[in-house]
Structures are given as structure tokens and as C-alpha cells.
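Trainee: I should like to learn how to read a model of this kind in an orderly way. Where should one begin?

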Amino acid sequence: YNNRGGDSAGTGSNLFRSAIRYCNAFAISILTCCVVWIFLQLQYVWYTLNQESEKMDKLLDEIQNQQTQDIDELNQKVDDNHSLTLIQMAGTFTLLTCLITLYHMTTHLRNYHEPIVQKRIISILWMCPIYALTAFLSLLIPSADGYLGVIRDFYEAYTVYNFLSLLINILGRGDRDVVVNVLAEHAEHLKPPTKCFSSCYHPLPETSNQAKANAVLFECQVLVMQFVFCRPLTSIASFVSFTLMQNRESEGTNSSDHGPWDFFKTPNFYISMITNISVFLAFTGLLKFYHAVANNLLWCQPFNKFMAIKGIVFLTFWQGLLIAIFVSIHEARNKDDNNSGNSTSTKKSSSTGKSAQEQATQIQHILICLEMVFFSIAHLCVFPAEEWEPNYRPKETRIIPSMGITDFARDVKFLVTSHRNRSTKNKRSAGNSMDEDDEEAAAAPAKHDTEIVGLQNSSNNSKTTYSDALSTSSSVSSSSSPTTSRRKASNNKYYQQAAS
């Protein structure tokens, strides 16, 4: 019995343990299922969140792209309106320049009295319209800027030579020998010609004044003519260099690390220096010829004509060079700011749709169109058609229309000074009137004695003159003819009357 009881107790404990094991396994399986379900739920939530975040990112990108697109379109419209306004302004200035110049040309054609001289003037007057038209067309067609610049620079050099030819034609009316003779008159004041062209001087300048004048005229013509050939070549070289630099930047071969002074290392800077040297030599020849014959050309005011041409050449050249240097420095500083992390400048530079060089070129063309209006007015004043009329006389005074303020100030000054002088004179006369009366009363006897002595001296002088005349007539009569004796008698009567 005891053994049976022990066996039954062991069997019960085993069953209990088995039940606990089954319960543990069931609980573990349930927990495992719960964990798997939770994991699946988390994965689903994560996937849903990713989908939603992607949708939100796409929506944000679309909104940003739409905003950027709208801003770019707005900036493009503003830029187009701004460019259209600038083009309209430049077109207005160009039209004014052409109208003023055409009117000026018609005045010369109506008074075409000196064809040899006036055809040179008309060729010079074309300078302002060509400058304005090429600048305006460069604004309309930016891709043709380089070709139009070559045309503009060539005519600039041709105009400088035309001005020298104008001065020569004014002096000689087409005859070179007359100009050489005029220069020979000033041979003492002429600087000797340079020895670089000594092989071209025939005869040598040391032989005579005519040879020296001929050599100086030849030197001036060569110095000016070299600019006619050098200026188009430098313009073509600058255009090719600028095009190659743009191609390198578009291909990305050019490094973005530029210093603010890298413009001075570019070929365009050295081409500009060569152009500047050529311009200097050309104007040196012009000034040398002008100083030699300044007095002969004073009646037509050649210095004003020279400044009207020199102003166009130098103003446009140095203006373009300074703008290019400023733009290069500004662009290099913007790139440094972008590399340091400042992205606002990039947005500002990209919003206009134009590079800094294009903006500088646009500014240069607009300024040229504006400046040509004033230069065309200056040409109208310094190249008048009345100078070549047959009976022209230079005006000694030029009446400039004004409001008469200077005349009013002059009148006020005259009235103030006259009133002040009158008051001082009255004070002096009132204080010195009694002294003057006393002095006159005291000086009356002495004055009377002086008058008596003066009358005696005059009578003595008349007698001396009479005696001298008689002695002269007697000396002449000793070797004279009867006609001379009769003339002597009449002269004696005249001398007697004069002495009495």
C-alpha cells in the first residue's frame, strides 16, 4: 500500500510539472506571437511613416520648385522689363545722335564751298552715329557684340587719321608742298624728327628747312597711320581672347579660385596696354603737328576740334577698362563669399540670368549711347559749316545764351562802387575846399609871373625859328634854280607870318 501511495504521488507531481511546462510553453508562444504582431505593427507604422515622409518631401520639393520657378519667372520678367527700358533709353539716345548728326551734315552739304576740307569733316561727323548704332545693336544682339566692336574700333582709328588729314587740307587745300612750306617757316621751333624713320627721309632733315619740315610731316602721318592698322588688330585679338575664356569657363576647365586682381594676368589687360600705347603715339603725332602750325590754324579753332575727337576716344577706352577691372574684382569677391558658405550672393547673381561680364558690357553700351548725344552737340558747335563760306570772318566773341545773372551782378557792383567813390569824393572836397582856395590865392602872383616869363620865351623861340628858317633857305638858294628861288620867297613869307 505504501508503495502504491508513493507511486501515485510521483505520478501526480509529474502531471503537475507537465501541466506547468505546457502552460509555460503556451505562455511563451502567446508572448512570441504578441511580439511578432507588435513587430509587424511597428514595421507597418514605419513603412507608413516613410511613405508619408516621402510624400511630404515630394510635396515640399514641388512647392519649392514651384516657388523657385515662380521667382525665376518673376525675376526674368523684371529683368526683361529692365532690359527693355534700357534698350528704349539707348534707342532714344541713338536716334537723337543720328538726327543731330544728319542735320549737321546737311548744313555742310548745303554750304559745300570747300569739298577737299568738308569731305574730311563729314567723315569725322560719322563717328558719333557709328558709335551709338554699334552700341545699340550690341544691346539688341549680344552675340554680335564682338563683330560690332571691331567695326567701331576701326572707324575710331580712321577718324583720328582723318583729323590729321583735315588739318593738312586746311593748310594746303590738297597740296602737300604748301603744307611743307608752312612748316618750314617754323623750322626753328620744330622738334627734330625721330631717327627711327631716318631711312625714309629723302632728303635728310639736316640739309635744309624744307627737308626738316617734310620729315616732320612724314613722321606725324606715320605715327597716326599706325593707329589705323593697330586698333582693328587689337580689337580682334581682344574678341578672340574673350571668346576663348568664355568657352573655358563653360566647359569647367577654368578653376574657380580667382583672386581679385587676376584681371591683370589675362590677355585682355595686355591687349589694352598695347592699344593705349598705340593711341598715345597717334595723339603724339597729332599734337606735334598742331603745335607747329597752331598760329596758322588759329582762325578755325583746331584745339576745340581736337578735344571733341580725343574725348570720344579716351573716354570710351578708359571707361571700358575701368568697368572691366571693377567687374573682375567684384566677381572674384563674390566667388570667395560663395566658397566660404555664403549662398545668398549666389542666389542674387543667378536671379538676373546674366553674368557679371555681360552686365558690365551692357552698362558700357548704354553709357556710350548717352555720351554720343553730347558729343554730337559738341561736333555741331566745333565743326560749323559757316567756317567754309567764301567771306567768312572768325567771330571774336561768342554769345552764349544765359539768364544774364553775370550782367546783373556787374551792374550791382558798379552801382555800389560808384556810390562809395562819390561819397568819399564829397567828403574829401568838403574838407579841403578852404585849403584849396587859400593855396590858389597865394599862388596867383607867382602864376602871373610864370605866364609873363612863358610869353617872353615863346617870342624868343619864334625869333630863333625864323632865323633858322632864313639860314636854311639861304643855304638852299645858293644851289637852286629860278623855280626854287620863287618857292624860297614864298617860304620866307610863310615863316615871317608864323614868327609873328
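Mentor: Let us begin with the order of the elements: from the N terminus on, the protein chain runs α-α-α-α-α-α-α-α-α-α-α-α. The tally is 12 helices and zero strands. Please keep in mind throughout that this is a predicted model.

Trainee: What average pLDDT does the protein chain have?

Mentor: The general idea is this: where pLDDT is low, the predicted coordinates should not be read in detail. Here the protein chain averages a pLDDT of 76, and 71% of the residues score at least 70. Two stretches call for caution. Residues 342-351 have a pLDDT below 50, with seven contacts in the model beyond near neighbours in sequence. Over residues 458-488 the pLDDT likewise stays under 50, and the model has 11 contacts for them beyond four places in sequence.

Trainee: How much of the protein chain is buried, and how much area does the chain expose?

Mentor: Of the 500 residues in the protein chain, 30% are buried. The exposed area is about 33,000 Å², of which carbon and sulfur atoms supply 62%. As for contacts with a separation of 6 or more, 80% of them join residues 24 or more positions apart.

Trainee: How does one judge a single helix, such as α4?

Mentor: One may set its span against the expected value, and then ask how far it is covered. Helix α4, residues 145-172, has 28 residues and reaches 40 Å from its first C-alpha to its last, close to the 40 Å expected at 1.5 Å a residue. It is also mostly covered, with 24 of its 28 residues buried. After α4 comes R173, which has a positive phi, near 50°.

Trainee: Is T234 buried or exposed, and which residues is T234 in contact with beyond its neighbours in sequence?

Mentor: T234 lies in helix α6, residues 209-251. Because its relative accessible area is 8%, below the 20% cut-off, T234 counts as buried. Leaving aside neighbours within four places in sequence, its contacts are I271, I274 and T275.

Trainee: How many disulfides are there, and why does C34 have no bond to C33?

Mentor: The test is the distance between cysteine sulfur atoms, and a pair must lie within 2.5 Å. The count here comes to zero disulfides. The closest cysteine sulfur to that of C34 is in C33, and C34 forms no bond with it because the two are 6.9 Å apart, too far. C34 itself counts as partly exposed, at 37% relative accessibility.

Notes
Residues are numbered from 1 along each chain as its sequence is written. This is a predicted model: local features need pLDDT of at least 70, side-chain atom pairs count only at pLDDT 80 or more; totals for chains, interfaces and linings use all residues. Side-chain values use heavy atoms; hydrogens and water are left out. pLDDT is the predictor's confidence in each residue, from 0 to 100. Contact means heavy atoms within 4.5 Å. Helices (H or I, at least four residues) and strands (E, at least two) are DSSP runs, numbered from the N terminus. Buried means under 20% relative accessible area, exposed over 50%, partly exposed in between (1.4 Å probe, protein chains only). Accessible areas come from the Shrake-Rupley method with a 1.4 Å probe; for residues, only the protein chains shown count as cover. The expected span of a helix is 1.5 Å times one less than its number of residues.
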